[in-house]
Amino acid sequence: MASTTSFLNAVAIRRSVYNLKNSSPISQARIQEIVHEAVKYCPSAFNIRSTRFVTPTTFPKEVYDLLVPRIELFRAAYGIVLFFDDPSTISNVPLVFHPFFTQYPEIHDHAAGMLQFVVWTALAAEGLGCNLQHYQPGITPWVKEKFDVPEHWKLTAQLVFGEIVEGPGPEKERTGLDEAVKVFGGKE
């Protein structure tokens, strides 16, 4: 089952939505399919796929007790996708390419960012509200113990999602677009 939302329309509707409820317009199986397809098709350096996911079918709400009070509103959400990086995947790359990963450590971050964007955009295209969080210092030990995550995995982000109670608000002004995109050469 594919979404009927075009890619750029999906990109445009992907916004941070914080007021969520504990329900979903799509099945848990569809959520898992979206995550799987994102991993399958999103590029990564040398195709190592170092990003790992934990998508609990039910997420223990006690994790929110570990976070600052501002995060209390996330307790009402339907679910969460936990994004990790597995640095051991470099061993799958031919030895001659290992220096790239020490010279350019951001390679892992680029792949992780693309995957976070793809999963977030795909869930938004299916009608879910989402917001991406980075509270790993406060929850990493709890998450690793609760979900039996390998010790060497590094928690990088948490995508909170659920049915939208209230949208993201008015469209934000997009500043700096003329400075951000320059076209050189070619015909007008």
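Which side chain meets R52 in a salt bridge? The partner is D86, with 3.5 Å from N to O. The two residues link distant parts of the chain: R52 belongs to strand 2 (residues 51-54), D86 to the loop between strand 3 and helix 3, and their positions lie 34 residues apart in sequence. R52 is partly exposed, with a relative accessible area of 23%, whereas D86 counts as buried at 6% relative accessibility. Please keep in mind while reading that this is a predicted model.

## Salt bridges

Side chains of opposite charge can pair when their charged atoms come close. In this structure there are six salt bridges, and three of them are set out here.

| Salt bridge | N to O distance | Relative accessible area |
|---|---|---|
| R30 and E33 | 2.9 Å | R30 9%; E33 32% |
| R52 and D86 | 3.5 Å | R52 23%; D86 6% |
| E151 and K144 | 3.8 Å | E151 63%; K144 12% |

R30 and E33 are both in helix 2, and because they are three residues apart there, about one helical turn separates them. R30 is buried, while E33 is partly exposed. The bridge between E151 and K144 brings together an exposed residue, E151, and a buried one, K144. Elsewhere, R15, E171 and R174 are joined into one network through salt bridges that share partners.

## A buried acid in strand 3

Strand 3 also holds D85, and this residue makes an interesting contrast with the pairs above. D85 is buried yet takes part in no salt bridge. Where is the nearest side chain of opposite charge? That side chain is K154, 6.6 Å away. With a salt bridge requiring a nitrogen and a carboxyl oxygen within 4 Å, the D85 and K154 side chains therefore do not qualify at 6.6 Å.

K154 is nevertheless among the residues in contact with D85. Leaving aside neighbours within four places in sequence, the full set of contacts is S50, T51, H108, H152, W153, K154 and T156. K154 also comes up in relation to P87: their C-alpha atoms are 8.0 Å apart, although 67 residues separate them along the chain. P87 is found in the loop between strand 3 and helix 3 (98-103) and is partly exposed, with a relative accessible area of 39%.

## Aromatic pairs and a charge over a ring

The structure holds three aromatic pairs. One of them joins F84 and W153 in a tilted arrangement, with 5.5 Å from centre to centre and 50° between the planes. F84 lies in strand 3 (residues 79-85) and W153 in the loop between helix 5 (136-146) and strand 5 (154-166), so the pair ties together parts that are 69 residues apart in sequence. Both F84 and W153 are buried.

W142 and F147 form another aromatic pair, this one edge-to-face, at 6.2 Å centre to centre and 85° between the planes. F147 is partly exposed, with 23% relative accessibility.

A further ring has a charge for company: the charged end of R14 sits over the ring of W120, 4.2 Å from its centre.

## Two nonpolar cores

Which residues touch the most other members of the largest nonpolar core? Of its 19 residues, these are F83, V119, L123 and L159. Helix 2 (28-41), strand 3, helix 4 (106-125), strand 4 (128-133) and strand 5 each give two or more residues to this core.

L159 is worth a look on your display. Not counting residues up to four places away in sequence, L159 touches G79, I80, V81, F83, V119, W120, L123, C130, N131 and L132. Among them is W120, whose ring lies under the charged end of R14.

There is also a second, separate core of 15 residues, which includes F74, L82, W142 and L155. W142 is the partner of F147 in the edge-to-face pair.

## A backbone detail

What is the phi of D148? The value is near 50°, which is positive in a residue other than glycine. D148 is found in the loop between helix 5 and strand 5, the loop that also contains W153. At 69% relative accessibility, D148 counts as exposed, whereas W153 is buried.

Methods: Residues are numbered from 1 along each chain as its sequence is written. This is a predicted model: local features need pLDDT of at least 70, side-chain atom pairs count only at pLDDT 80 or more; totals for chains, interfaces and linings use all residues. Side-chain values use heavy atoms; hydrogens and water are left out. Rings of Phe, Tyr and Trp (its six-membered ring) pair if their centres lie within 6.5 Å; planes under 30 degrees apart count as stacked, over 60 as edge-to-face and the rest as tilted. Helices (H or I, at least four residues) and strands (E, at least two) are DSSP runs, numbered from the N terminus. Buried means under 20% relative accessible area, exposed over 50%, partly exposed in between (1.4 Å probe, protein chains only). A charge sits over a ring if NZ of Lys or CZ of Arg is within 6 Å of the ring centre and within 35 degrees of the ring normal. A nonpolar core is a set of buried Ala, Val, Leu, Ile, Met, Phe, Trp, Tyr and Cys residues joined through side-chain atoms within 4.5 Å. Contact means heavy atoms within 4.5 Å. Lys and Arg count as positive and Asp and Glu as negative; His and the chain ends are not counted.
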